[in-house]
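Hello! Here are my notes on the model you passed along, set out as numbered points.

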Amino acid sequence: RYFIWCRCRLLVMASMDNSFLFSRGGTTYVEEGRDLTFVKGYLLLAFTLLSFVIGTYMVLVAKFMPDTGNVILDFIKQDMYYTLLIPSTIPIFFLFAYINWVSMKFFRHN
């Protein structure tokens, strides 16, 4: 496979034995080893699933559960601020990411 990134003049060749050749500015670098992108993807997927399960429990399930005697679970059950603060920050994050993207487009093209 050949990947070419024109701005940095970066050429990456991945061979069959998992060694990578990087060429930048006339200098060639060889990196031996495994590509761990799939491991990072699975970790990101697991973190996302765990966050979704914990958030769903905090917002929906914990309010209908009886008192357990566990300090953390009872705090989540009685809390009304943090259980709604975390899900409400998600749309605000996407709003700021969109505004940042639009402002960068205005900056580059004007």
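The points below go from the whole chain to single residues.

1. Please keep in mind throughout that this is a predicted model. The protein chain contains three helices and four strands. Their order is simple to remember, since along the sequence the pattern reads β-β-β-β-α-α-α, with the strands preceding the helices.

2. How much of the protein chain counts as buried? Of its 110 residues, 10% do. The accessible surface of the protein chain comes to about 10000 Å², and carbon and sulfur atoms contribute 71% of that area. As for contacts with a separation of 6 or more, 9% of them join residues 24 or more positions apart.

3. Next, the rings. The structure has three aromatic pairs. One of them joins tyrosine 81 and tyrosine 82, and it is edge-to-face because the ring planes stand at 80°, over the 60 degrees required; the ring centres are 4.9 Å apart. The two partners fall into separate accessibility classes: tyrosine 81 counts as exposed at 52% relative accessibility, the cut-off being over 50%, while tyrosine 82, at 44%, counts as partly exposed.

4. Another of the aromatic pairs is made by phenylalanine 93 and phenylalanine 94. Here the planes meet at 65°, so this pair is edge-to-face too, and the centres lie 5.5 Å apart. Phenylalanine 93 has a relative accessibility of 55% and therefore counts as exposed. Phenylalanine 94 is exposed as well, with a value of 53%.

5. Aspartate 74 may interest you if you look at charges. This residue belongs to helix α2, which covers residues 71–78. Aspartate 74 is buried and yet has no salt bridge. Which side chain of opposite charge is nearest to aspartate 74? It is lysine 77, at 7.0 Å, and a salt bridge would need a nitrogen-to-oxygen distance within 4 Å. What the side chain of aspartate 74 does reach is the backbone nitrogen of threonine 68, at 3.0 Å. Setting aside neighbours within four places in sequence, aspartate 74 is in contact with Asp67, Thr68 and Gly69.

6. Lysine 77 sits in helix α2 as well. Its relative accessible area is 23%, so lysine 77 is partly exposed, given that buried means under 20%. The C-alpha atoms of lysine 77 and alanine 62 are 5.0 Å apart, although 15 residues separate the two along the chain. Beyond its neighbours within four places in sequence, lysine 77 is in contact with Ala62, Lys63, Met65, Pro66 and Asp67.

7. Aspartate 79 is the last residue on my list, and it lies in the loop between α2 and α3, the latter helix spanning 82–109. Is aspartate 79 buried or exposed? It is buried, and it has no salt bridge. The nearest side chain of opposite charge belongs to lysine 63, 6.1 Å away. The side chain of aspartate 79 reaches the backbone nitrogen of tyrosine 81 at 3.3 Å, which leads back to the tyrosine pair of point 3, where tyrosine 81 is paired with tyrosine 82.

Methods: Residues numbered from 1 in each chain as written. Predicted model: local features only at pLDDT ≥ 70, side-chain atom pairs only at ≥ 80, totals over all residues. Heavy atoms only, no water. Helix = DSSP H or I, 4+ residues; strand = E, 2+ residues; numbered from the N terminus. Buried < 20%, exposed > 50% of the residue type's maximum accessible area, 1.4 Å probe, protein only. Contact = heavy atoms within 4.5 Å. Areas by Shrake-Rupley, 256 points an atom, 1.4 Å probe, with all protein chains shown as cover. Phe/Tyr/Trp six-rings, centres within 6.5 Å; stacked < 30°, edge-to-face > 60°. Lys, Arg positive; Asp, Glu negative; His and termini not counted. Polar contact = N/O pair within 3.5 Å; in protein donor to acceptor, adjacent residues only side chain to side chain.
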